[in-house]
Amino acid sequence: MLNMEEDEEEDYMSDSFIKQDVRPGLPMVRRVKEAIQKEEKQKEANEKNRQKSIKEEEKERRDLVLKSALGNENKGFALLQKMGYKSGQALGKSGEGIVEPIPLNIKTGRSGLGHEELKKRKAEEKLENYRQKLHTKKQANEQAADQFRIRLKNKQEERKMEGDLRKSQRACQQLDTQKGIDVPKETWFWLTSEEEDKEDEEGKEDECTSSDLSVSEKLHILTAYLREEHFYCIWCGTTYEDSEDLSSNCPGDSAADHD
């Protein structure tokens with residue numbers, strides 16, 4: 001009994017055991033491959049056993065008939081042959097006609113006539129509406145960008161005018177003092193010490209703009225005063241001898257005239 005058990009036990013030194021592939025994970029890979037092959041075979045069997053629908057059978061019969069050439073059993077083809085027509089020959093007296101029959105355009109869907117044209121037209125309208133929306137959005141973005149540039153330009157011009165006004169106020173105070181004028185003609189003609197300390201502060205509105213006059217109006221009034229009273233041009237930075245010298249040598253009474 002013991003000898004029979006020993007014979008049934010596998011000999012671990014035999015060639016059959018040594019030649020076995022014992023790489024890690026190999027049994028799992030083999031089982032996966034077998035499962036995939038089994039699944040593919042099952043799909044093939046199901047496809048063969050599946051009963052085809054009426055539409056599929058009609059399509060197969062139609063394709064088979066369309067692929068085969070016309071034979072003598074076809075009455076139309078037989079009449080053509082009697083009139084001298086040969087297979088593969090073009091129609092017409094001089095052979096300028098068609099060789100193959102006009103292909104069939106079979107409608108398989110359930111939609112009515114004209115449905116495809118309607119569908120195509122709706123798709124084109126949808127595309128056109130989308131393009132119009134993009135165009136409108138682009139125009140709105142361009143308009144917003146233009147407005148932003150205009151606001152930025154106006155702000156820069158306003159800041160420049162404020163700087164020119166302060167420059168004119170300093171020149172007015174200096175020239176008035178040199179001429180013995182202790183009190184300015186207008187309170188805002190001179191730049192106060194408090195305004196000088198705050199003029200470089202960002203985001204702070206200048207006190208000279210607190211009156212009813214705008215910055216541009218004040219600048220125009222003050223430059224005119226400097227030209228008439230002191231023969232001084234803020235744009236040239238020059239004090240002229242008299243009004244005649246000023247009018248003949250100064251390009252004008254505004255910044256644009258000196259550009």
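## A salt bridge between helix H8 and a loop

Glu-229 and Lys-179 form a salt bridge in which the closest N and O atoms are 2.9 Å apart. Because Glu-229 lies in helix H8 while Lys-179 lies in the loop between H6 and H7, this pair ties together parts of the chain that are 50 residues apart in sequence. The structure described here is a predicted model, and the contact should be read in that light.

Both partners are partly exposed: Glu-229 has a relative accessible area of 31%, and for Lys-179 the corresponding value is 46%.

## Overall architecture

The chain contains nine helices and two strands, and, read along the sequence, these elements follow the pattern α-α-α-α-α-α-α-α-β-β-α. The two strands thus come after eight helices and are followed by one further helix.

Of the 259 residues of the chain, 17% count as buried. The chain exposes about 22,100 Å², of which carbon and sulfur atoms supply 51%. Among the contacts between residues at least 6 apart in sequence, 38% join residues that are at least 24 apart.

## Salt bridges within helix H6

A search of the whole structure finds three salt bridges, and two of the pairs, described here, have both residues in helix H6. In one of them, Asp-146 is joined to Arg-149, with the closest N and O atoms 2.2 Å apart; these residues are three positions apart, about one turn of the helix. Asp-146 is partly exposed, with a relative accessible area of 37%.

The side chains of Lys-160 and Asp-164 also meet in a salt bridge, at 3.4 Å from N to O, and here the residues are four positions apart, again about one turn of the helix. The two ends of this bridge differ in their surroundings: Lys-160 is exposed, with a relative accessible area of 51%, whereas Asp-164 is buried, at 15%. The assignment of Lys-160 rests on the cut-off, because a residue counts as exposed when its relative accessible area is over 50%.

## The aromatic cluster

Which residues are linked into a cluster by ring pairs? They are Trp-188, Phe-189 and Tyr-225, and the count of aromatic pairs comes to two. Trp-188 and Phe-189 form an edge-to-face pair, with 4.7 Å from centre to centre and 75° between the planes. The rings of Phe-189 and Tyr-225 have their centres 5.0 Å apart and their planes at 50°, so this pair is tilted. Phe-189 lies in the loop between helix H6 (115–178) and helix H7 (193–198), and Tyr-225 lies in helix H8 (residues 215–230), so the tilted pair ties together parts that are 36 residues apart in sequence.

Each member of the cluster is buried: Trp-188 has a relative accessibility of 12%, Phe-189 has a relative accessible area of 2%, and Tyr-225 has one of 10%.

## Surroundings of Tyr-225

Tyr-225, placed in helix H8, has contacts that reach well beyond its sequence neighbours. Leaving aside residues within four places in sequence, Tyr-225 is in contact with Cys-172, Asp-176, Ile-181, Lys-185, Phe-189 and His-230. For one of these, Cys-172, the C-alpha atom is separated from that of Tyr-225 by 8.6 Å, although the two residues are 53 apart along the chain.

Helix H8 therefore meets the loop between H6 and H7 through two kinds of pairing, namely the tilted ring pair of Tyr-225 with Phe-189 and the salt bridge of Glu-229 with Lys-179.

Terms used:
Residues numbered from 1 in each chain as written. Predicted model: local features only at pLDDT ≥ 70, side-chain atom pairs only at ≥ 80, totals over all residues. Heavy atoms only, no water. Buried < 20%, exposed > 50% of the residue type's maximum accessible area, 1.4 Å probe, protein only. Contact = heavy atoms within 4.5 Å. Areas by Shrake-Rupley, 256 points an atom, 1.4 Å probe, with all protein chains shown as cover. Phe/Tyr/Trp six-rings, centres within 6.5 Å; stacked < 30°, edge-to-face > 60°. Salt bridge = Lys/Arg side-chain N within 4 Å of Asp/Glu carboxyl O.
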